[in-house]
Amino acid sequence: MTRDVTYFPIGTMVVLKDSTAATMISGYLAENETVPGYIWDYCGFMYPIGLRDENEVYTFDHTQIDQVLAVGYQDGEYFAFMNHLKEVAKEMAAIEDGAGRGQESQESEAKEQETTDQEMEEQKTEGQETADQEQGGEN
């Protein structure tokens with residue numbers, strides 16, 4: 001999995017390195033049986049054939065894209081999903097990285113996450129208090 005990727009939308013047409021065929025991106029964070037445990041940035045189908053058989057689903061990383069032929073549809077839903085996808089990708093990368101490290105590193109990461117969770121809760125509470133004050137001032 002490539003770190004810090006700006007993912008292309010579903011439907012984006014790309015040409016992969018060492019290939020001349022177009023591939024349409026159809027999904028994200030995919031696995032396949034050829035490299036067990038590895039998470040690929042994308043999955044896709046050969047264009048214009050599409051999906052005929054589950055064995056024809058390609059998995060590839062962002063770094064393997066040589067050329068972008070057309071960018072897929074983007075709307076508010078896409079951008080909201082991208083924010084979520086980036087967070088999931090970071091979590092998966094941390095898990096992937098943590099698999100090779102000792103228990104001490106994993107405990108340290110857990111403490112950092114706990115601190116981050118507490119900070120987010122404090123920000124949420126502060127935001128609610130501000131909203132309550134503003135609402136109280138309107139009456």
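**Exercise 1. A polar contact in strand 4**

Task: In this predicted model, find which side chain makes a polar contact with the side chain of threonine 59, and describe the surroundings of threonine 59.

Solution:
- Step 1. Look for the partner: the side chain of asparagine 32 makes a polar contact with the side chain of threonine 59, at 2.4 Å.
- Step 2. Place the residue: threonine 59 belongs to strand 4.
- Step 3. Decide whether threonine 59 is buried or exposed. Its relative accessibility is 17%, and buried means under 20%, so threonine 59 counts as buried.
- Step 4. List the neighbours. Leaving out residues up to four places away in sequence, threonine 59 touches Ala30, Glu31, Asn32, Trp40, Tyr42 and Cys43.
- Step 5. Compare sequence with space for one of these neighbours: alanine 30 is 29 residues from threonine 59 in sequence, while the two C-alpha atoms are 6.6 Å apart.

**Exercise 2. Another threonine, in strand 2**

Task: Work out whether threonine 23 is buried or exposed, and which residues it touches.

Solution:
- Step 1. Threonine 23 sits in strand 2.
- Step 2. Its relative accessible area is 4%, so threonine 23 is buried.
- Step 3. Not counting residues up to four places away in sequence, threonine 23 touches Thr12, Met13, Val14, Leu16, Gly44, Phe45, Tyr47, Tyr58 and Phe60.

**Exercise 3. Aromatic pairs**

Task: Say how many aromatic pairs the whole structure holds, then classify the pair of tyrosine 28 and tyrosine 42 and the pair of tyrosine 38 and tryptophan 40.

Solution: Two values are needed here, as a pair of aromatic rings is described by the distance of the centres and the angle of the planes.
- Step 1. Searching the whole structure gives seven aromatic pairs.
- Step 2. For tyrosine 28 and tyrosine 42, the centres are 6.1 Å apart and the planes make an angle of 50°, which is a tilted pair.
- Step 3. Tyrosine 28 is in strand 2 and tyrosine 42 in strand 3, so this pair ties together parts that are 14 residues apart in sequence. Both tyrosine 28 and tyrosine 42 are buried.
- Step 4. For tyrosine 38 and tryptophan 40, the ring centres are 4.7 Å apart with the planes at 75°. Planes over 60 degrees apart count as edge-to-face, so the pair of tyrosine 38 and tryptophan 40 is edge-to-face.
- Step 5. Check the cover of these two partners: tyrosine 38 is partly exposed at 24% relative accessibility, whereas tryptophan 40 is buried at 14%.
- Step 6. Follow the ring pairs onward, and Tyr7, Tyr28, Tyr42, Phe60 and Phe81 join into a cluster.

**Exercise 4. The nonpolar core**

Task: Name the residues that touch the most other members of the largest nonpolar core, and find which element gives the most to this core.

Solution: A general idea helps: in soluble globular proteins, nonpolar side chains tend to be buried together.
- Step 1. The largest nonpolar core has 16 residues, and those touching the most other members are Tyr7, Tyr28, Leu29, Tyr42, Phe60 and Ile65.
- Step 2. Strand 1, strand 2 and helix 1 (76-98) are the elements that give two or more residues to this core.
- Step 3. The biggest share comes from helix 1, which gives four residues.

**Exercise 5. Unusual backbone geometry**

Task: Inspect the peptide bond from tyrosine 47 to proline 48, then compare the settings of aspartate 18 and leucine 29.

Solution: Keep in mind that most residues other than glycine have a negative phi, and most peptide bonds are trans.
- Step 1. The bond from tyrosine 47 to proline 48 is cis, with omega near 5°. Proline 48 is in the loop between strand 3 (40-46) and strand 4 (58-60).
- Step 2. Aspartate 18 has a positive phi, near 60°; its place is the loop between strand 1 (13-16) and strand 2 (22-30).
- Step 3. Leucine 29 also has a positive phi, near 50°, but leucine 29 lies in strand 2.
- Step 4. Now add accessibility: aspartate 18 is exposed at 87%, while leucine 29 is buried at 15%.

**Exercise 6. The whole chain**

Task: Summarise the order of elements and the share of buried residues.

Solution:
- Step 1. Count the elements: two helices and five strands.
- Step 2. Read along the sequence, and the pattern is β-β-β-β-β-α-α.
- Step 3. Of the 139 residues in the chain, 26% are buried.
- Step 4. Finish with the surface: about 9,900 Å² is accessible, and carbon and sulfur atoms account for 49% of that.

Terms used. Residues numbered from 1 in each chain as written. Predicted model: local features only at pLDDT ≥ 70, side-chain atom pairs only at ≥ 80, totals over all residues. Heavy atoms only, no water. Buried < 20%, exposed > 50% of the residue type's maximum accessible area, 1.4 Å probe, protein only. Areas by Shrake-Rupley, 256 points an atom, 1.4 Å probe, with all protein chains shown as cover. Phe/Tyr/Trp six-rings, centres within 6.5 Å; stacked < 30°, edge-to-face > 60°. Core = buried A, V, L, I, M, F, W, Y, C linked by side-chain atoms within 4.5 Å. Contact = heavy atoms within 4.5 Å. Polar contact = N/O pair within 3.5 Å; in protein donor to acceptor, adjacent residues only side chain to side chain.
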